[in-house]
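Please open the model in your viewer and keep the sequence panel visible. The tour below proceeds by selections, each followed by a description of what is found there.

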Amino acid sequence: LSACGPNQRDCASPQVACAGLVTGFGGIETGINRQAWLALQDAKSSGLLDLVDYIETADTRDRQANIAYFAGGDYDIIVTVGEGIADSTLAVASGNPGILFVTVQPSHETTDTPENVVRLQYREENAGFLAGAAAAMLTRTERVAAICEARFVDYVERYCEGFAAGAKSVDSAVHASVIY
């Protein structure tokens, strides 16, 4: 009966391009995890990849094992998402120089990065600045606000402080509230 099933892709084959996504925590349905997953699906739809798969990290202690799963499965590209997973990505990458690793939104700290690792970093404060500026242009009450997840999460704080700066840059009379 297995012959009647779907064609299995062999990632060890040089003719098959495989990519796996590992979330730093949580599912692929929201935020930057979703954006990374959609990008991999686009690459598959465009014919750049033959197989894309993901692992949603439920326990942060499993990050390195999740990454190693794809490395052991002969995946060509492994994408990881989030600040917290960067160290695990670098650990697995150092032992697998033939695999390309893409770490999306790692910490902004400078780290020695192996040649097989690409770091995609976004300046959250720039995005927050634009959102704050847009809010200041639209307000009719000279009041705008950003409700932010948690101050202790660096990228959240950068975004939210950028929001306040963007609002003030448009109109210094605008009262920009940032609530954590």
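Begin by selecting E124, G128, G132, A133 and A136, which are the buried residues of helix α4. These residues cover an arc of only 165° around the axis, so they lie on the same side of α4. The model is a predicted one.

Now extend the selection to the whole of helix α4, residues 124-138. The helix has 15 residues, and the distance from its first C-alpha to its last is 21 Å, close to the 21 Å expected at 1.5 Å a residue. Turn to the other side of α4, where L130, M137 and L138 are exposed.

What do the buried residues of α4 pack against? Display β6 (143-147) and α5 (154-170), for these are the two elements that they pack against.

Next, select G166, which belongs to helix α5. Is G166 buried or exposed? Its relative accessible area is 0%; G166 therefore counts as buried, since the term applies under 20%. Setting aside the neighbours of G166 within four places in sequence, the residues in contact with it are F129, G132 and A133. Of these, G132 and A133 were met above among the buried residues of α4. Add A134 to the view: its C-alpha atom is separated from that of G166 by 8.1 Å, although the two residues are 32 residues apart along the chain.

Proceed to the loop between α4 and β6, and select E142 there. This residue is not a glycine, yet it has a positive phi of about 60°. Most residues other than glycine have a negative phi. With a relative accessible area of 41%, E142 is partly exposed.

A second residue of this kind may be selected in the loop between α2 (63-72) and β3 (77-81), namely D74. D74 has a positive phi of about 65°, and it is likewise not a glycine. Its relative accessible area is 41%, and D74 is therefore partly exposed.

The last stop is on the surface. Which residues form a nonpolar patch there? Select I32, L100, V118, L120 and Y122, which together have about 380 Å² of accessible area. Within this patch, pick out L100, located in strand β4 (residues 100-104). L100 counts as partly exposed because its relative accessibility is 34%, a value between the limits of 20% and 50%.

Conventions
Residues are numbered from 1 along each chain as its sequence is written. This is a predicted model: local features need pLDDT of at least 70, side-chain atom pairs count only at pLDDT 80 or more; totals for chains, interfaces and linings use all residues. Side-chain values use heavy atoms; hydrogens and water are left out. Patches are made of residues with over 30% relative accessible area and no salt bridge: like charges are joined within 9 Å, nonpolar side chains (Val, Leu, Ile, Met, Phe, Trp, Tyr) within 5 Å. Accessible areas come from the Shrake-Rupley method with a 1.4 Å probe; for residues, only the protein chains shown count as cover. A salt bridge is a side-chain nitrogen of Lys or Arg within 4 Å of a carboxyl oxygen of Asp or Glu. Helices (H or I, at least four residues) and strands (E, at least two) are DSSP runs, numbered from the N terminus. Buried means under 20% relative accessible area, exposed over 50%, partly exposed in between (1.4 Å probe, protein chains only). The expected span of a helix is 1.5 Å times one less than its number of residues. The arc is that of the directions from the helix axis to the C-beta atoms. Contact means heavy atoms within 4.5 Å.
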